[in-house]
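Open the model in your viewer and show side chains as sticks. This tour goes from one aromatic ring to the next.

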Amino acid sequence: MIRIIGFFVGLGFSLVLAIAFFTGAYNQITNPPAETAEKEFHLHPKPLALESNGPFGKFDRAQLQRGFQVFKEVCSACHSLKYVAFRDLKDLGYSDAEVKAIADQWVIQQPSINPDTGEPSTRKSVPADHFPAPFANEVAARAANNNALPPDLSLMTKAREDGPAYVHSLLTGYRDQPAELIKKFPASKTPPGLHYNPYFANLNIAMPPPLVSDGQVTYADGTKATVDQMSQDVAAFLTWTAEPKLERRHSIGVAAFIFLLVFSVLTYMSYQNIWASKKRELAHG
């Protein structure tokens, strides 16, 4: 009896799901969603070839240092890097003395308390400190950025699909709003205070173009600092901040693959050796 009841209950659920599916499909066909500017004009990120791409990828230390320089001189004015400590920069090839100097000379100081008065104060950073936020709190950040909150960049390349390519495309994607878009979607004209960028989800972004001209940053290694080059370098740097152990993960993955390959071959050879005599016995039996 219980089985019969269970059968009819399951059949009822199946019928309800089938009705819901066909009803939704019918509505989708007969009454498709209206076209939007975002759907038609949004672009997927352009491919970006970095040394860290692929299962055998490794970081280009020179590029990471250039990307850090772009972050320091351009991005750090608005964006935080709260999950990265100054001492982590040693992974980029900086010496202990260089890391100490970078922390000591960082423009934004660490929030602190004056031990003599108990009043809020600041102090210079040391290598053990994480990068300080450029604003005291969210209210101050929004007040300085037309009510937009600049996101933390530590994990940005993990938080966006095709993260490094997204960062590169976004930084190089600012342009005038197409006349075709305005003609087809008049209500989608970029509002005052925003900037058109087809690589941004809703096409209009509060952040003005941060990289505006070639030579905005002077690279210590002599690399020509074009807008495209600077955007590639900072994308590579943010790939490292989001996954600083990427090289170790890749090396462990390769070692595990080789181990499994050798183990599989040895297992197959053992199987052949153990069962060879049994097969002959069965063949002659």
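Select Trp106 to begin. In this predicted model, Trp106 counts as buried because its relative accessibility is 8%, below the 20% cut-off.

Stay in the same place and add Phe71 and Phe131. Their rings form an edge-to-face aromatic pair, with 6.3 Å from centre to centre and 90° between the planes. Which parts of the chain does this pair link? Phe71 belongs to helix H3, while Phe131 lies in the loop between strand E2 (120–123) and helix H5 (138–144); the two are 60 residues apart. Phe71 is buried, with a relative accessible area of 1%, and Phe131 counts as buried at 5% relative accessibility.

Now widen the selection. How many aromatic pairs does the structure hold? The count is twelve. One of them joins Phe68 and Trp106, where the tour began: this pair is stacked, at 6.1 Å centre to centre and 20° between the planes. Phe68 sits in helix H3 (residues 61–73), and Trp106 in the loop between helix H4 (96–105) and strand E1 (110–113), 38 residues apart. Phe68 has 3% relative accessibility and counts as buried.

Next, select Phe68, Phe71, Phe86, Tyr94, Trp106, Phe131, Phe237 and Trp240 together. These residues form one aromatic cluster, which includes both pairs visited so far.

For the last stop, select Arg66 and Tyr219. What sits over the ring of Tyr219? It is the charged end of Arg66, 5.7 Å from the ring centre.

Key:
Residues numbered from 1 in each chain as written. Predicted model: local features only at pLDDT ≥ 70, side-chain atom pairs only at ≥ 80, totals over all residues. Heavy atoms only, no water. Phe/Tyr/Trp six-rings, centres within 6.5 Å; stacked < 30°, edge-to-face > 60°. Helix = DSSP H or I, 4+ residues; strand = E, 2+ residues; numbered from the N terminus. Buried < 20%, exposed > 50% of the residue type's maximum accessible area, 1.4 Å probe, protein only. Lys NZ or Arg CZ within 6 Å of the ring centre and 35° of its normal.
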